[in-house]
Amino acid sequence: MRRRVLATILALPLALAGCTRGAEPPRSATSTLRERVAALALRQSDFGAISIIPVRFEKSRISGPFEDGGRTLYCVSTRMKGRTFGKGERPKAVIRDDGGVLKIVDEEPEVCEGHRTEPFSELESLGNRGNS
């Protein structure tokens, strides 16, 4: 039992090293841009990527693409439940489309204010896939 716990503790830094903040998930031939945006958002720790407790996503929204200072941006937000008992979280991410390559932008989500949002079912279906 102790060896298994020790092996898990030692493997944790290696697993966390794979969760890079700006890395885009691998593309598949059938994935849409919205699915790629959802997959990238779900790889972020704010969206429960390294949570050992299962999370559930509700009322996810996306805005974009829109131009801001010559950049093409998407804004993603959702209501996430599971990591905190009784209280939901509201993670947000700003994603830049740089010629087809998606990257997380380290900016405040205020850049997203004033842009029309629409339901983002791709995030909910990808995020809730293993939690049902």
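**Entry 1: the disulfide**

I started with the cysteines and found that Cys75 and Cys112 form a disulfide, with their sulfur atoms 1.8 Å apart. A note to self, since I am new here too: a disulfide is a covalent bond between the sulfur atoms of two cysteines. The model I am reading is a predicted one, and the count of disulfides in it comes to 1.

Where do Cys75 and Cys112 lie? I found Cys75 in strand S2 and Cys112 in the loop between strand S4 (101-104) and S5, so the pair ties together parts that are 37 residues apart in sequence. I then looked up the torsion about the S-S bond, which is about -80 degrees, so the disulfide is left-handed. Are Cys75 and Cys112 buried or exposed? I noted both Cys75 and Cys112 as buried.

**Entry 2: the largest pocket**

Next I turned to the largest pocket, and its volume is about 180 Å³. I met both cysteines again here, because the lining as defined takes in residues with an atom within 4 Å of a pocket point, and Cys75 and Cys112 are on the list. Among the other lining residues I wrote down Arg61, Ser63, Val76, Ser77, Lys92 and Thr117. Pro109, Glu110 and Glu113 belong to the lining as well.

Which elements give two or more residues to this lining? They are strand S1 (56-68) and strand S2 (71-81). The largest share comes from S2, with 3 residues. I also sorted the lining by character: 4 residues are nonpolar, 3 are polar and 4 are charged.

**Entry 3: salt bridges**

I looked up the salt bridges, and the count comes to 5. I began with Glu118 and Arg34, whose side chains meet at 2.6 Å, N to O. Glu118 lies in strand S5 (residues 117-119) and Arg34 in helix H2 (residues 33-42), so this pair ties together parts that are 84 residues apart in sequence. How exposed are the two partners? Glu118 has 39% relative accessibility and counts as partly exposed. Arg34 is at 24% and also counts as partly exposed. I followed this pair a step further and found Arg34, Glu118 and Glu122 linked in a network of salt bridges.

My second pair was Lys81 and Glu58, with a salt bridge of 3.4 Å, N to O. It links distant parts of the chain, as Lys81 is in strand S2 and Glu58 in strand S1, 23 residues apart. Lys81 is partly exposed at 43% relative accessibility, and Glu58 is partly exposed at 31%.

A third pair is Arg83 and Glu89, whose side chains meet at 2.9 Å, N to O. I noted Arg83 as partly exposed, with a relative accessible area of 25%.

**Entry 4: Phe120**

I moved on to Phe120, which has its place in the loop between S5 and H3. Is Phe120 buried or exposed? Phe120 has a relative accessible area of 1%, and I put it down as buried. What does Phe120 touch beyond its neighbours within four places in sequence? I listed contacts with Arg34, Val37, Ala38, Ser60, Arg61, Ile62 and Val76. Arg34 is already in my notes as a salt-bridge partner of Glu118, and Arg61 and Val76 as part of the pocket lining. I also checked Phe120 against Ser60: they are 60 residues apart in sequence, and their C-alpha atoms are 5.1 Å apart in space.

**Entry 5: Glu124**

Glu124 sits in helix H3 (residues 121-127). Its relative accessibility is 23%, and it counts as partly exposed. Leaving out residues up to four places away in sequence, I found Glu124 touching Phe57, Glu58, Lys59 and Ser60. Glu124 and Met80 are 44 residues apart in sequence, with 9.8 Å from C-alpha to C-alpha.

**Entry 6: backbone details in strand S1**

I kept the backbone for last. Lys59, one of the residues that Glu124 touches, lies in strand S1. Lys59 has a positive phi of about 50 degrees although it is not a glycine. With a relative accessible area of 57%, Lys59 is exposed.

Which residues does a cis peptide bond join? I found Gly64 and Pro65 joined this way, with omega at about 5 degrees. Pro65 has its place in strand S1.

Terms used: Residues numbered from 1 in each chain as written. Predicted model: local features only at pLDDT ≥ 70, side-chain atom pairs only at ≥ 80, totals over all residues. Heavy atoms only, no water. 1 Å grid on protein atoms, 1.4 Å probe; cavity = no way out; pocket = protein on both sides within 12 Å on 5 of 7 lines; lining within 4 Å. Points joined across faces, edges and corners; volume = space filled by probe spheres on them. Helix = DSSP H or I, 4+ residues; strand = E, 2+ residues; numbered from the N terminus. Nonpolar A, V, L, I, M, F, W, Y, C, P; charged D, E, K, R; others polar. Salt bridge = Lys/Arg side-chain N within 4 Å of Asp/Glu carboxyl O. Buried < 20%, exposed > 50% of the residue type's maximum accessible area, 1.4 Å probe, protein only. Contact = heavy atoms within 4.5 Å. Disulfide = S-S within 2.5 Å.
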